[in-house]
Amino acid sequence: MWEDFINALNNFRRNKTRTFLSLLGVIIGVASVIVITSIGSSSTKKVADTFGSAGLDMVNVSAGGMWRRRSAVTLKFNESFRDNLFENVEDIKQIWYKNSVNATITYGETSNSVNCSAVEKGYLEALCMELEGGSRFFTVTDDQEGTQKIILNHDTALSFFPAGDAVGKKILIVISKVSFSFEVIGVLKEQTTGMENGAAFIPRGFYDKKIQPNADAQTVMVQAISNEKATAIVDKIKDYCTSLSGTDTSINVTTMQTMIDQISNITSTLAKMLSAIAAISLLVGGIGIMNIMIVTVTERKQEIGIRKALGASPADIRQQFLVESASITLIGGFFGVLLGILISLAVEYVQKQAYVINTNACIIAFIFSVFVGIFFGLNPASRAAKLDPVIALSGE
């Protein structure tokens with residue numbers, strides 16, 4: 001077989017143009033598969049890096065959809081619910097309540113409508129949010145007394161205070177047509193994603209006393225004792241709430257890990273679909289190789305006749321041409337993998353982001369390319385093996 005491989009390389013050198021054109025389809029096909037799968041892997045990694053590990057222990061619970069049985073009980077997120085949830089669901093570290101309200105913030109001549117979140121002490125810290133301005137988050141006093149303090153996110157603070165001097169300033173907030181004066185005590189660092197997207201945060205104690213007294217929470221944020229327990233808690237909370245309400249649609253429960261998994265599944269599915277499309281070019285390249293090999297068998301009839309006359313068996317002839325067709329895709333696969341990696345690195349350099357080379361895709365694409373060469377070379381090789389030596393020597 002090694003001798004057949006060396007002879008194949010010699011034949012490739014004698015027909016450089018034909019060999020190059022045969023290789024081209026394989027190289028493009030393999031490179032396309034690698035680039036597309038690498039893009040999918042990089043997108044998945046980017047999602048994971050963007051979300052980070054912070055917040056993976058958090059479970060978001062909100063009221064369910066409108067389609068409920070008439071006999072179903074509407075759950076109320078009050079203090080009784082919080083206490084019972086602690087008692088009946090294991091592995092819970094902490095529970096926070098949150099309400100959201102549309103508010104209009106005014107400072108000087110600037111006025112914007114924003115989503116304002118009323119949160120409890122420790123809520124922002126639990127989501128691993130950090131301050132870029134100010135020295136503290138909400139305290140127990142802020143929550144219990146309902147002080148008129150506010151923490152702005154990065155973009156909101158920038159829209160009102162371009163110079164970055166928001167902390168300590170007084171702003172006017174209109175909620176339900178009632179105006180309140182708030183002091184800015186902090187500005188959050190910029191974040192692109194996460195489970196919290198409020199533009200501004202106020203103590204829930206203020207909301208409970210001044211906006212809607214004794215209001216039930218709209219959202220319950222449950223912190224598990226570890227990241228690993230968060231997924232299991234989801235099912236436990238669902239089961240518990242179903243037992244209370246009589247319906248499994250009473251609440252919606254989501255985790256950051258669930259969000260990451262959903263986005264990763266989407267990008268992975270798209271990458272696989274596009275890879276399958278790219279792999280078609282490998283099949284097209286295989287058809288081209290089969291055509292070239294048929295031409296090669298026709299041109300080398302006398303060589304085949306001489307080998308048979310010297311005692312070569314049909315199996316030897318078949319092996320010779322199978323090795324030759326497999327060698328084309330072997331070389332094409334190697335350069336295709338190399339080209340795919342180089343293009344991936346170029347994309348990484350241009351986009352200035354971490355790029356993940358999908359090793360499994362490289363191996364699979366390479367093996368598949370060799371398989372294509374064997375599969376499409378089988379017919380020409382069988383034709384060569386079946387040639388009558390007398391006819392082959394005559395060149396007819």
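Is F335 buried, partly exposed or exposed?

**Exercise 1. Classify F335 and the ring beside it.**

This is a predicted model, in which local features need pLDDT of at least 70, side-chain atom pairs count only at pLDDT 80 or more, and totals for chains, interfaces and linings use all residues. Residues are numbered from 1 along each chain as its sequence is written, and side-chain values use heavy atoms, with hydrogens and water left out.

Step 1. Take the cut-offs: buried means under 20% relative accessible area, exposed over 50%, and partly exposed in between, with a 1.4 Å probe and protein chains only.
Step 2. F335 has a relative accessible area of 41%, so F335 is partly exposed.
Step 3. F334, at 48% relative accessibility, also counts as partly exposed.
Step 4. For rings of Phe, Tyr and Trp (its six-membered ring), a pair needs centres within 6.5 Å; planes under 30 degrees apart count as stacked, over 60 as edge-to-face, and the rest as tilted.
Step 5. The whole structure holds 8 aromatic pairs by this search. One of them joins F334 and F335: the ring centres are 5.3 Å apart and the planes stand at 80 degrees, so the pair is edge-to-face.

**Exercise 2. Describe the pair F375 and F376, and name the cluster around it.**

Step 1. The ring centres of F375 and F376 are 5.1 Å apart, with planes at 90 degrees, so this pair is edge-to-face.
Step 2. F376 has a relative accessible area of 11% and is therefore buried.
Step 3. Ring pairs join F375 and F376 with F368 and F371 in a cluster.

**Exercise 3. Find the charge that sits over the ring of Y97.**

Step 1. The rule asks for NZ of Lys or CZ of Arg within 6 Å of the ring centre and within 35 degrees of the ring normal.
Step 2. R82 places its charged end over the ring of Y97, 4.1 Å from the ring centre.

**Exercise 4. Compare the axes of three helix pairs.**

Step 1. Two packed helices are described by the angle between their axes and the distance between the axes. Helices (H or I, at least four residues) and strands (E, at least two) are DSSP runs, numbered from the N terminus. Axes are lines fitted to C-alpha atoms, for helices over the stretch in contact, and angles run from 0 to 180 degrees between N-to-C directions.
Step 2. Angles under 35 degrees count as roughly parallel, over 145 as roughly antiparallel, 65 to 115 as roughly perpendicular, and the rest as oblique. A crossing is left-handed if the near helix is turned anticlockwise from the far one by less than a right angle, and right-handed if clockwise.
Step 3. Helix 9 (residues 256–299) and helix 12 (residues 359–386) have axes that come within 9 Å and cross at roughly 25 degrees. Helix 9 is therefore roughly parallel to helix 12, and the crossing is right-handed.
Step 4. For helix 11 (residues 314–351) and helix 12, the axes come within 7 Å and cross at roughly 150 degrees. Helix 11 is therefore roughly antiparallel to helix 12, and their crossing is right-handed.
Step 5. Helix 10 (residues 301–309) and helix 11 have axes that come within 10 Å and cross at roughly 140 degrees. Helix 10 is therefore oblique to helix 11, in a right-handed crossing.

**Exercise 5. Locate the residues with positive phi between strand 6 and strand 7.**

Step 1. The loop between strand 6 (170–175) and strand 7 (178–188) contains S176, and K177 is placed there as well.
Step 2. Phi is near 55 degrees for S176, a positive value in a residue other than glycine. Phi of K177, also not a glycine, is positive too, near 70 degrees.
Step 3. S176 is exposed at 59% relative accessibility, and K177 is exposed at 82%.

**Exercise 6. Count the disulfides and classify two cysteines.**

Step 1. The rule counts a pair of cysteine sulfur atoms within 2.5 Å.
Step 2. The count is 0 disulfides.
Step 3. C128 is partly exposed, at 46% relative accessible area, whereas C241 is buried at 0%.

**Exercise 7. Give the C-alpha separation of two pairs that lie apart along the chain.**

Step 1. V222 belongs to strand 9 (residues 219–224) and is buried, with a relative accessible area of 0%. Its C-alpha atom is 6.9 Å from that of I92, 130 residues apart along the chain.
Step 2. T249 lies in the loop between helix 8 (227–245) and strand 10 (251–255) and is partly exposed at 30%. The C-alpha atoms of T249 and A63 are separated by 8.6 Å, with the two residues 186 apart along the chain.
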